[in-house]
Amino acid sequence: MCGIVGYIGHREAYPIVIKGLQRLEYRGYDSAGIALYDGNNIKLSKTKGKVSDLKERLENEIATDGTLGIGHTRWATHGVPNDVNSHPHYSNSGDLVIIHNGIIENYDSLKKELIKRGYTFKSDTDTEVLVNLIEDVKKNENIKLGKAVQVALNQVIGAYAIAVFDKNKPNEIVVAKLGSPLAIGIGEDEFFIASDASPFIEFTKNAIYLEDEEMAIIRRNKDIKVRKIKGDAIVDPYIQELQLNLEQIEKGGYDHFMLKEIHEQPDAIFDTFRGRLLSNEAMVKLAGVEDNMKKFLAADRIIVVACGTSWHAGLVSEYIFEDLARIPVEVEYASEFRYRNPVITEKDVVIAISQSGETADTLAAIKLAKSKGAFVFGVCNVVGSSIARETDAGAYTHAGPEIGVASTKAFTTQITVLTLMALRLARAKGTISSSEFRHHLIELETIPSKVEKALKSDAYVQTVADIYKDATNFLYLGRGFNFPVALEGALKLKEISYIHAEGYPAAEMKHGPIALIDEQMPVVVIATKKGHYEKVVSNIQEIKSRKGKIIGIVTEGDKSVKELADHVIEVPETIECLTPLLTTIPLQLLSYHIAVMLDKNVDQPRNLAKSVTVE
Ligand code: G6P
C-alpha cells in the first residue's frame, strides 16, 4: 500500500509529483505529503487526508523552482493517519528526507537502539526509524548516501520501496526495493520514480522496474546505477518499453473510474481472449499452459490462492475446472494458506490470481508453494508485477489499468482467462467432446456483446438502487457457478456503500440467514435459467413468504421469477458456466448507484486500498 513518486531533472517537480500522487491514490489515501528541493531550501508539506487536501493547502504556497521532488500518499500501517505520521520524513539532522511504501518489521528494536544513541522521533512510523538508521550509518561510517542506504537496509526486516535524498547532494536520489513495487522512468536528462508507471506515462515510455533487493542511485543529468542491496554486484538494468497510454488512466468522461471500468468490460473481455480463443480453428492458445501441459495433465489437483475479488474469481474457476476438465480444485485465501502448514506436493498445480500482482499474502503463498515443489501459475493483470515475475508461468488478463478500488473488470477478465485454461485442459484430457468444446468457444466469443446488452439495464438498476439505498442489510443468493457471484455482489456493496451485505449459497439460506428476512430485507437472487433454476425459484418462494424484498437477476424473457420478485433485472442467455460473466454486471451497477446516491467516495472507499502490499 502507499504510493510513492519522485522526480529529478530540469522541470518543476511540483506539478509532476502532485499529479503523480493523484494517479497513485488508489494505493492509499489517508494522508499525503511532498518535499521539494531547489538546492538551497527544502519545502516539505504534509497533511492528513487526500492528495486534493494537500494540493489545496499548497496552491498558494508553492513558489519554487525545485527540480527535485518526492511525494507520498499513505495507507497507514504504523501510526494513525495524521499530519505528523504522513510522509516524507526528515532525519534528525534535517539532512535526509525519505518516503517509504511498505513495512519495517524490526522497527521497534532498531528504534530502541537509535534512542540509546540519542535520536529522537516525532512520529510513530517505522519510516522515521529507517531514515534515522540511514543517517546513523552514514555518519558513523562516514560514507556516501547510497552506501549508507545499502548498509542500513541490510539491517532491516520487512518490505520497502523507498526514495531518499540528502540536502547536501541536490543532484541525487537513492531508491531501493524489496517486496513493494518501484518503477524508474527514464526521460531526456530527467528521471521519474513511482510505485507504478502511471505518474510518468506522458513524459517517457522507457522504464526500469527494480527487482527485489535492488537499489539505484539516480543522478541528475547523468545516469542510473543499479546494484544489489546484498553484496556488491552491479546490475545491468533491463529498460522496458511501456504499453500504457494516458487515455487508459483517465476517466474519459465518466463520473468515476469504477463506472468507466464497468463499461469497459465488453472490450476488456474481448482483449483477454483475443488471439487465444480461435473458434474457427477450434483451438485455445495459451502459451503458459501449452509450455507446461505435462505439469497440468499430471496434476493431482489445482490449488487456487488469492484474496478479495480475485478469490471470488478463483471460486468461479473451481466450478469451471471441475465441470469441464474434471480436475479437483481447492480455493484458498492466500492469507490462511500461507500460515496453516498446508499439504502441498510436487504434483500440485497452484494458480495464483491477482489483479495488481502485488498482494503480499498471495505473493507469500506462491513462495511457500514453490518451496514445496509445486508448479505455480499466475493470472495477473499488471504486467511485470511481482506475482507475474515470481510465478513459474502465467497468463495475463488484458483488462488494462483498473483504478477504482472496487474491482470490476479485473474479475470478469480473470474468469475469462480461467475459462480458457479450463477449456484447453478439458480438450487435452478429453473430458469435453469436440462439439461441446467448439460450442463453448463460440459462446465465449459472444460474451462481450452480451455484456454490452447486460449494461443496458443501467437505468432500471438505478431505479432499484433508489428504492433500496437506505436499507441497512442486503442478502445476496446464488447457486453453483453463481454462488461466488453472490459473494462478489455482496462484497461490492459493502466496499463502496458501507451497507452490510452477505452472500450465501441459495440453499444454505434456510440454515441461518432466513432468520434475518423480514419486509425490510432486500434479497438479491441470481436465478438464471440454467443450472438449478427450479430450486432457486423455490428459495425465492421461501423469501416471499417471509415478506423479503426480492430483486431477481434472471435470464431474458423469464416469467416464473417475474411473478414472485419485486424487481427483475434481465441478462442475456448463455451456457451455464459463462453466466457469471453476465450476472455480475447488474450487481456491480447496483452497488455503484447505491454508493453514488449515498454520496460515498466510490473510487476511494474508506479504509481500503487497491494494492495490499502488507499482510
Ligand atoms: C484489495 C482490493 C480488492 C482486491 C484485493 C486483492 O483488497 O481492494 O479489490 O480484490 O485487494 O487484490 P489483487 O490485486 O491481488 O487482486
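**Exercise 1. Find what holds polar atoms close to the ligand.**

Task: In this predicted model, how far is an oxygen atom of the ligand from an N or O atom in the side chain of serine 354, and which backbone atoms join in?

Solution. Start with serine 354: an N or O atom of its side chain lies 2.6 Å from an oxygen atom of the ligand. Next, look at the backbone. A polar backbone atom of alanine 609 is 2.9 Å from a ligand oxygen, and for a polar backbone atom of valine 405 the distance to a ligand oxygen is 3.2 Å. Finally, check the cover: on its own the ligand has 390 Å² of accessible area, and the protein covers 90% of that.

**Exercise 2. Describe the shell around the ligand.**

Task: Which residues come nearest to the ligand, and which helix gives the largest share of the shell?

Solution. First, list the neighbours. There are 13 residues around the ligand, and Ser310, Ser354, Gln355, Ser356 and Thr359 come nearest. Second, sort the shell by class: eight residues are polar, four are nonpolar and one is charged. Third, ask where they come from. Helix 10 (residues 308–325) supplies three residues, the largest share. Last, place the ligand in the protein: the space it takes is the second largest pocket.

**Exercise 3. Follow glutamine 355.**

Task: Is glutamine 355 buried or exposed, and which side chain does its own side chain contact?

Solution. Begin with its position: glutamine 355 sits in the loop between strand 20 (348–354) and helix 12 (360–371). Then apply the cut-off. Its relative accessible area is 10%, and buried means under 20%, so glutamine 355 is buried. Now turn to its partner: the side chains of glutamine 355 and asparagine 381 make a polar contact at 3.1 Å. Remember too that Gln355 is among the residues that come nearest to the ligand.

**Exercise 4. Compare sequence and space.**

Task: How many Å separate the C-alpha atoms of isoleucine 115 and alanine 507, and how many those of alanine 395 and alanine 161?

Solution. Take isoleucine 115, which belongs to helix 3 (residues 107–116). Its C-alpha atom is 60 Å from that of alanine 507, with their positions 392 residues apart along the chain. With a relative accessible area of 47%, isoleucine 115 falls between 20% and 50%, so this residue is partly exposed. Now take alanine 395, in strand 22 (residues 393–396). Alanine 395 is 234 residues from alanine 161 in sequence, and their C-alpha atoms are 26 Å apart. A relative accessible area of 7% is under 20%, so alanine 395 is buried.

**Exercise 5. Pick out the unusual backbone.**

Task: Which peptide bond is cis, and what is the phi of asparagine 221 and of asparagine 341?

Solution. Keep the background in mind: most peptide bonds are trans, and most residues other than glycine have a negative phi. Step one is the bond from histidine 87 to proline 88, which is cis with omega near 0°. Proline 88 is in the loop between strand 4 (68–74) and strand 5 (89–90). Step two is asparagine 221, whose phi is positive, about 60°, although the residue is not a glycine. Its loop runs between strand 12 (214–219) and strand 13 (224–228). Step three is asparagine 341, with a positive phi near 45°. Asparagine 341 lies in the loop between helix 11 (334–337) and strand 20. Its relative accessible area of 64% is over 50%, so asparagine 341 is exposed.

Key:
Residues are numbered from 1 along each chain as its sequence is written. This is a predicted model: local features need pLDDT of at least 70, side-chain atom pairs count only at pLDDT 80 or more; totals for chains, interfaces and linings use all residues. Side-chain values use heavy atoms; hydrogens and water are left out. A residue is near a molecule or strand if one of its heavy atoms lies within 4 Å of it. A polar contact is a pair of N or O atoms within 3.5 Å; within protein, one must be able to donate a hydrogen and the other to accept it, and residues adjacent in sequence count only if both atoms are side-chain atoms. Accessible areas come from the Shrake-Rupley method with a 1.4 Å probe; for residues, only the protein chains shown count as cover. On a 1 Å grid over the protein atoms alone, a cavity is a set of points where a 1.4 Å probe fits but cannot get out, and a pocket is an open set with protein on both sides within 12 Å along at least five of seven lines; lining residues have an atom within 4 Å of a point. A molecule sits in a cavity or pocket if more than half of its atoms lie within 2 Å of its grid points. Helices (H or I, at least four residues) and strands (E, at least two) are DSSP runs, numbered from the N terminus. Ala, Val, Leu, Ile, Met, Phe, Trp, Tyr, Cys and Pro count as nonpolar, Asp, Glu, Lys and Arg as charged, and the others, Gly among them, as polar. Buried means under 20% relative accessible area, exposed over 50%, partly exposed in between (1.4 Å probe, protein chains only).
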